[in-house]
Protein chains: 2
Amino acid sequence: MAPTPETLTAERILEATEEVLRRHGPAKATVVDVARALGVSHGSVYRHFRTKAALREAVSKRWLDRTSRALAGIAADSGRDPAARLRDWLAALFEAKRRKAGDDPELFATYMVLTDESGGAVAEHLADLVGQLTRIVRDGVESGAFAVPGPAETEARALFHATGRFHDPCYAREWKRPGVEDEFEAVVELLLRGLAAR
Amino acid sequence: MAPTPETLTAERILEATEEVLRRHGPAKATVVDVARALGVSHGSVYRHFRTKAALREAVSKRWLDRTSRALAGIAADSGRDPAARLRDWLAALFEAKRRKAGDDPELFATYMVLTDESGGAVAEHLADLVGQLTRIVRDGVESGAFAVPGPAETEARALFHATGRFHDPCYAREWKRPGVEDEFEAVVELLLRGLAAR
C-alpha cells in the first residue's frame with residue numbers, strides 16, 4: 001500500500017533519498033526518483049525540501065550527524081579522566097569513519113560527492129566535532145590534568161587537524177593498511193604528552 | 001642546431017619530459033613527444049629509460065627530490081637547537097609544498113597524476129623525509145631537549161603524520177585559506193610540547 005501524504009515526514013524522505021542515491025549514484029539521482037520510491041508526487045517532496053540542493057544537503061547532514069551523535073556521549077562524560085576520554089573519542093571517530101568507508105565503499109563515495117557540494121553542512125559538522133573536543137580539553141585544564149598555553153578551542157582544533165590522517169576521507173585508502181593502528185597510537189600518545197600538565 | 005646524441009643525458013631527458021607534460025598534460029604526453037622536443041629518436045630516449053613508466057617515475061622522483069634536498073640542510077644542522085630545527089623543517093616543508101601547488105597549479109595537478117602511478121618513488125620520498133625527521137628527534141633526545149618513550153623513528157613518523165594537513169597534497173585547497181598559518185603554528189606547538197623533556 002502506498003503511504004498517504006500525511007505520513008510523509010522529512011526523515012522518511014531522507015531515508016528514501018539515501019536509498020535512491022545508493023541505487024542511481026549521485027550524478028543521476030533526481031527528486032522524481034525519490035518521489036516515485038515513496039509513492040508520492042514530487043511536489044510533496046518539495047514541500048519538505050524546497051530545492052534538490054537543499055534535499056542533498058539535508059541527506060549529507062543526516063549522514064554526518066550519525067558520526068557526531070555517537071561521539072557526543074564520550075565528550076559529555078565529564079566525570080571521567082580527560083586523557084582517557086580524549087583517547088576514546090579519537091578512537092571512536094577513527095572507527096566510525098573507517099567503518100563507513102569500509103563497509104559500503106560505494107555509498108561512501110556517493111557521500112564524498114554530496115559533502116563536496118554541501119559546504120554548509122560540512123562546516124557545521126566540523127564545528128560540532130571541534131566543540132566536543134573543546135569540552136574535553138577544557139575539562140582537562142580545569143581538573144589540572146592538562147595545561148595549555150592558549151584557549152582550549154585552539155588546542156581542540158590542533159588536535160583535530162593533527163589527527164586528520166585518521167578521520168579525513170582523503171586518507172580512506174590508508175585505513176585498510178596493516179600498521180595503521182600503530183600509527184594512530186603513536187600520534188595520539190604524542191598529542192596527549194603535549195597536553196599533559198607538567 | 002639539434003643536439004647530438006652524445007649530449008643526451010638523463011637529466012636533459014627529464015627536463016624535456018617535464019616540459020612535454022606541462023604542454024600536453026599527463027594523459028597525452030608520449031615518449032615520441034619527448035624525443036621530438038629533444039630532436040632525437042625515441043630509441044635514444046629508451047636507451048636511458050627502458051619504458052614510458054620508468055621515465056614517468058624518474059620525473060616524479062626528480063620533482064620529489066627537489067623538496068627533500070631543500071630540507072636536508074636543516075635536518076643535518078646538528079649544532080642547532082633541535083626544537084628550532086624541527087620548527088624550521090616543518091615550516092620549510094609546508095612552504096615548499098604550498099609554493100609548488102600555488103605557483104603552477106596545472107603542473108602540480110600533473111604531478112599528482114604521476115606520483116599516483118609512481119608508488120616506489122613516493123615511498124622512497126616519504127622514507128627520506130621521515131629519516132630526516134628521525135635525525136632531528138634523535139639529536140634532541142641526545143642533547144636532553146626531547147624525551148620520547150620509544151624509538152626516535154616512531155616519533156618522527158608520528159610528527160610527519162600529525163602535520164599531514166600542511167604537506168599532503170590532498171589538503172592543497174586549504175593552503176590558500178586565511179588562518180592556515182595559525183593552524184600550522186598551533187599544531188607544531190602542541191607537538192613540540194609533546195616532545196619536550198620534563
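The exercises below work through the fold, domains and chain contacts of a predicted model.

Residues are numbered from 1 along each chain as its sequence is written, and chains are lettered from A in the order in which they are written. Local features need pLDDT of at least 70 and side-chain atom pairs count only at pLDDT 80 or more, while totals for chains, interfaces and linings use all residues; side-chain values use heavy atoms, without hydrogens and water.

**Exercise 1. Describe the secondary structure and extent of chain A**.

Step 1. Count the elements, taking helices (H or I, at least four residues) and strands (E, at least two) as DSSP runs numbered from the N terminus. Chain A has nine helices and zero strands.

Step 2. Write the order along the sequence: α-α-α-α-α-α-α-α-α.

Step 3. Take the extent of the C-alpha trace along its principal axes, which is about 65 × 35 × 25 Å for chain A.

**Exercise 2. Split chain A into domains and characterise the contact between them**.

Step 1. Place the bounds, which come from an automatic or database domain assignment. Domain 1 of chain A covers 5-48 and domain 2 covers 60-195. Their centres, taken over C-alpha atoms, are 31 Å apart.

Step 2. List the contacts (heavy atoms within 4.5 Å). Seven residues of domain 1 of chain A touch nine residues of domain 2 of chain A.

Step 3. Compute the buried area, that is, the accessible area (1.4 Å probe) that two parts lose on being put together, summed over both. For the two domains of chain A this comes to about 720 Å², with 56% from carbon and sulfur atoms. On the domain 1 side, A:E18, A:R22 and A:P26 lose the most area to domain 2, together 65% of what that side buries.

Step 4. Search for salt bridges (a side-chain nitrogen of Lys or Arg within 4 Å of a carboxyl oxygen of Asp or Glu). The rule finds four between domain 1 and domain 2 of chain A. The side chains of A:E18 and A:R62 form a salt bridge, at 3.8 Å from N to O.

**Exercise 3. Characterise the interface of chain A and chain B**.

Step 1. Count the residues in contact: 27 of chain A and 27 of chain B.

Step 2. Take the area. The two chains bury about 2,200 Å² between them, 57% of it on carbon and sulfur atoms. In chain A, the residues A:H161, A:L190 and A:R198 lose the most area to chain B, together 29% of what that side buries.

Step 3. Find the charged pairs. Four salt bridges cross the interface of chain A and chain B. B:D116 and A:R173 meet through their side chains in a salt bridge of 3.7 Å, N to O.

Step 4. Assign the chain A side to elements. Those giving two or more residues are α8 (152-162) and α9 (180-195) of chain A. With eight residues, α9(A) gives the most.

**Exercise 4. Locate the disulfide and state what it joins**.

Step 1. Search the whole structure for disulfides (cysteine sulfur atoms within 2.5 Å). There is one over all chains.

Step 2. Name the pair: A:C170 and B:C170, with sulfur atoms 2.2 Å apart.

Step 3. Place each cysteine. A:C170 lies in the loop between α8 and α9 of chain A and B:C170 in the loop between α8 (152-162) and α9 (180-195) of chain B, so the disulfide joins two chains.

**Exercise 5. Count the salt bridges over all chains and place the pair B:R22 and B:E18**.

Step 1. Apply the rule over all chains; the count is 46 salt bridges.

Step 2. Take the pair in chain B. The side chains of B:R22 and B:E18 form a salt bridge at 3.8 Å, N to O.

Step 3. Relate the pair to its helix. B:R22 and B:E18 are separated by about one helical turn because they are four residues apart in helix α1 (residues 10-24) of chain B.
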